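Have the structure open while you read this. We'll start at the metal site and work outwards from there.

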Amino acid sequence: MIILGVESTAHTFGVGIVTSDGAIVANVTDSFTSTEGGMIPHEIADHHKNVAEKVLAKAFTDAGKSWSDINFIAYSAGPGLDPALWAGYNIVKEWSEKYGKKIVGVNHCAAHLSIGAVWNKMTDPVYLYVSGVNTQIIVQEGGKYKVIGETLDLGLGNMLDKFARLLQLGFPGGPKIEILAKNGKYVELPYVVKGMDVSFSGILTKIQQLYERKQASKEDLCFSVQETCFAMLTEVVERAMAHTEKKELLLVGGVGANKRFCEMLNIMCTERGTQFYNVPMNLAGDQGAMIAWEGFLRKDTYSDMEVNPHWRVDEV
Ligand code: AMP
Ligand code: MG
């Protein structure tokens, strides 16, 4: 079986093609970026409409496949930005009708988890999912995902992007913050862990103030925001691993591309005698291969469901 997956929940439009044994034969993305400012929903929707055919064509070329090889189309039904989701859904509907393919709506967050698990050939990790919108600690119980800790306000990626916007670093900001952080030293910031949950909005306010009042350099703030937020998540995840007695940790989501974050989690896991896993850069952020794979796993449960911008992973 060969599945085509379409991603469009946020700034990335992606088309991936996977086989039913978990092999990724194409994974093409085109992401909305800006040199200043952040994500503007209607601009993102226009972006997706403009690049869709080009991304699809490249995916078919990379895979050496065409529509006749595809069994069905999986798409990201949510969670995500409403205009971006609708742009993706309308494109998928058009392809589905034109080429006579069934469509399967899947949960974007669950797709991040399942592609990480199949890539690393793991069965039952603690998942740490840190993307633009989401920051969650997740485990599987009785075949269902259960969120055992999460951000009480912003997702870490969005928080970093907001700060980067103030620094005029452009979007996405996380990678630029990582570079500046290399030349920074520590300034004290609020450290906000509440039980198994974390909160980033107070930290954002603090770094914005320190920057605007010229009380700390860009580099020091980038370094300190990383150290603080990554330490908070490492603490909560360590508790999750101790409590659940799980032996593997899997980091997924775009913020998982950060080397310092991986280093901290790896140290924690090594000290506990457990194993840290992440995914290669091209599978960390949003892309279509994960949607295709999740579609394969859910093909008998889900079908066309339009979009669901607030679909939580624990409702899958
Ligand atoms: P996703 O929503 O999974 O595609 O992840 C996108 C988010 O990941 C954005 O908020 C980016 O700023 C963030 N991100 C990407 N690369 C890095 C990095 N190297 N360090 C920190 N955050 C990053
Ligand atoms: Mg994502």
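## The metal site

What spacing do the donors of the magnesium ion (ligand 2) follow along the chain? The pattern is H-x3-H-x173-D. Keep in mind that this is a predicted model. The donor atoms come from His108 (NE2), His112 (NE2) and Asp286 (OD), and they coordinate the magnesium ion (ligand 2) at 2.0 to 2.3 Å. His112 sits in helix H3 (residues 108–119), while Asp286 is in the loop between helix H9 (281–284) and helix H10 (288–298), so this pair ties together parts that are 174 residues apart in sequence.

Is His112 buried or exposed? His112 has a relative accessible area of 1%, and since anything under 20% counts as buried, His112 is buried. Asp286 is buried too. If you skip the neighbours within four places in sequence, His112 is in contact with Tyr129, Val252, Gly253, Ala284, Gly285, Asp286 and Met290. So Asp286 turns up twice in this story, as a contact of His112 and as a donor to the magnesium ion (ligand 2), a role that His112 also has.

## Two domains

Now zoom out. The domain assignment splits the protein into domain 1 (2–112 + 283–315) and domain 2 (124–279). Their C-alpha centres are 26 Å apart. Across the boundary, 21 residues of domain 1 are in contact with 19 residues of domain 2.

## Strands and turns

Strand E4 (residues 72–78) is a good one to pick out on screen: seven of its seven residues are buried. E4 pairs with strand E1 (residues 2–7) in the parallel sense, over four bridges. E4 also pairs with strand E5 (residues 102–107), again parallel, over six bridges. Ala74 lets you see both pairings: Gly5 stands opposite Ala74, and in E5 the bridge partner of Ala74 is Val104. Between E4 and E5 comes helix H2 (residues 82–99), and together the three make a right-handed β-α-β unit.

The other pairing to look at is antiparallel: strand E2 (residues 12–19) and strand E3 (residues 24–31) are joined by seven bridges. Gly14 stands opposite Thr29 in E3. E2 and E3 form a hairpin with four residues between them, and Gly22 in the turn has a positive phi of about 90°.

## What fills the inside

In general, nonpolar side chains in soluble globular proteins tend to be buried together. Here, the largest nonpolar core has 60 residues, and the members that touch the most others are Leu4, Val6, Phe13, Val15, Ile17 and Trp95. Helix H1 (residues 41–63) gives the largest share of this core, with seven residues. Where does this core lie relative to the two domains? Domain 1 and domain 2 both give residues to it, so this core lies between them.

Another core lies apart from that one. It has 47 residues, including Met159, Ile177, Leu221 and Phe230.

## Backbone oddities

Most residues other than glycine have a negative phi, and most peptide bonds are trans. A few spots here go the other way. A cis peptide bond joins Gly78 and Pro79, with omega at about 0°; Pro79 lies in the loop between E4 and H2. A cis bond also joins Phe171 and Pro172, where omega is about -5°. Pro172 is found in the loop between helix H4 (156–166) and helix H5 (174–181).

Then there are two lysines. Lys121 has a positive phi of about 50° although it is not a glycine, and it sits in the loop between H3 and strand E6 (126–130). Is Lys121 buried or exposed? Its relative accessibility is 74%, so Lys121 counts as exposed. Lys214 also has a positive phi, near 55°. Look for Lys214 in the loop between helix H6 (201–212) and helix H7 (218–244). With a relative accessibility of 75%, Lys214 counts as exposed.

Definitions and conventions:
Residues numbered from 1 in each chain as written. Chains lettered and ligands numbered in written order. Predicted model: local features only at pLDDT ≥ 70, side-chain atom pairs only at ≥ 80, totals over all residues. Heavy atoms only, no water. Buried < 20%, exposed > 50% of the residue type's maximum accessible area, 1.4 Å probe, protein only. Pairing = 2+ DSSP bridges. Right-handed = clockwise from strand over helix to strand, strands pointing away. Core = buried A, V, L, I, M, F, W, Y, C linked by side-chain atoms within 4.5 Å. Domains from an automatic or database assignment. Donors = N, O, S within 2.8 Å, 3.2 Å for Na, K, Ca; no water. Contact = heavy atoms within 4.5 Å.
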